[in-house]
Amino acid sequence: MANKLFDLTGRTALVTGASRGLGRAMAQGFAEAGAAVVLNDVHAPRLAAAAAEMRAAGHQVHEALFDITDEAAVAAAFKNLDQRGIEIEILLNNAGIQFRRPMVELDTADWRRVIETNLTSAFIVGREAAKRMIPRGHGKIINIGSLMSAIARATIAPYTVAKGGIKMLTQSMTAEWAAHGIQANAIGPGYMLTDMNQALLADAAFNAWVIRRTPARRWGKPEELAGTAVFLASSASDYVNGQIIYVDGGMLAVL
Ligand code: GCO
């Protein structure tokens with residue numbers, strides 16, 4: 001009984017920013033739960049390497065090289081998937097960037113780039129997926145938020161605003177698409193051991209702060225998001241909608 005609930009056999013998941021870090025780990029989780037995965041990235045060599053690795057492990061993997069901030073490229077990529085008969089039943093909007101600078105020194109171009117990549121792209125890719133999920137009467141959309149969907153930290157304002165927006169975009173998707181059988185939810189990762197956080201990890205004071213401030217007393221590992229992602233992609237979450245699940249070692253729950 002329990003396994004069937006979390007079984008993704010026969011389903012296809014599109015994961016943006018899937019060639020490394022959190023995206024790669026969650027794509028692996030989907031594949032191990034039985035799903036076929038469409039790996040997206042904007043970096044061709046990384047994408048090809050991730051796909052080859054997963055195919056070598058016996059998983060069904062497709063590649064979709066496109067820039068999530070480019071509306072025409074996103075529409076073309078979905079059209080291409082349609083022509084290949086690949087139905088996206090699960091969308092994981094994971095791709096994102098970080099940019100650290102105090103606001104008084106921050107260029108508007110950098111602000112816009114972070115908002116476009118971390119928020120607008122989830123709308124653009126989500127809209128294309130929903131146009132296909134609504135007529136089918138079912139679908140799963142998972143948006144990657146952050147601790148910054150709920151709290152702020154100095155020097156990362158555009159990232160924080162985008163991740164706050166992701167929480168409300170998820171609820172807006174629920175408002176408009178839940179009645180069509182689509183469940184839209186989000187995951188809020190805590191401080192995870194990823195390339196994006198290498199500079200923070202290398203900063204002894206910051207590293208000590210994360211360990212002290214996190215009730216679990218450690219950084220999170222990317223693969224520790226896979227279970228929550230599979231839950232939100234599976235039948236086990238068919239009545240879960242508009243939620244954000246924080247996977248953060250308890251950081252948000254405790255002062
Ligand atoms: C930072 C980090 C964080 C983490 C994560 C925490 O500069 O504080 O990059 O933003 O990446 O989002 O939830």
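I count Ala, Val, Leu, Ile, Met, Phe, Trp, Tyr, Cys and Pro as nonpolar, Asp, Glu, Lys and Arg as charged, and the others, Gly among them, as polar. The model is predicted, and local features need pLDDT of at least 70, side-chain atom pairs 80 or more, while totals for chains, interfaces and linings use all residues. Residues are numbered from 1 along each chain as its sequence is written, and side-chain values use heavy atoms, with hydrogens and water left out.

Ligand. I looked up the residues around the ligand (a heavy atom within 4 Å of it) and found 14, of which Arg100, Arg153, Tyr159, Pro189 and Tyr191 come nearest. By class, this shell has 8 nonpolar, 4 polar and 2 charged residues. I then checked polar contacts to the ligand (pairs of N or O atoms within 3.5 Å). A polar side-chain atom of Arg100 lies 2.8 Å from a ligand oxygen. Backbone N or O atoms also lie by ligand oxygens, at 2.9 Å for Leu147 and 2.7 Å for Pro189.

Second largest cavity. I searched for cavities (sets of points on a 1 Å grid over the protein atoms alone where a 1.4 Å probe fits but cannot get out; lining residues have an atom within 4 Å of a point). The second largest holds about 40 Å³ of space (the volume filled by probe spheres set on the points, which are joined across faces, edges and corners). I noted Phe78, Asp82, Glu87, Arg132 and Arg136 among its lining residues. The lining divides into 5 nonpolar, no polar and 4 charged residues.

Technical notes:
A polar contact is a pair of N or O atoms within 3.5 Å; within protein, one must be able to donate a hydrogen and the other to accept it, and residues adjacent in sequence count only if both atoms are side-chain atoms. On a 1 Å grid over the protein atoms alone, a cavity is a set of points where a 1.4 Å probe fits but cannot get out, and a pocket is an open set with protein on both sides within 12 Å along at least five of seven lines; lining residues have an atom within 4 Å of a point.
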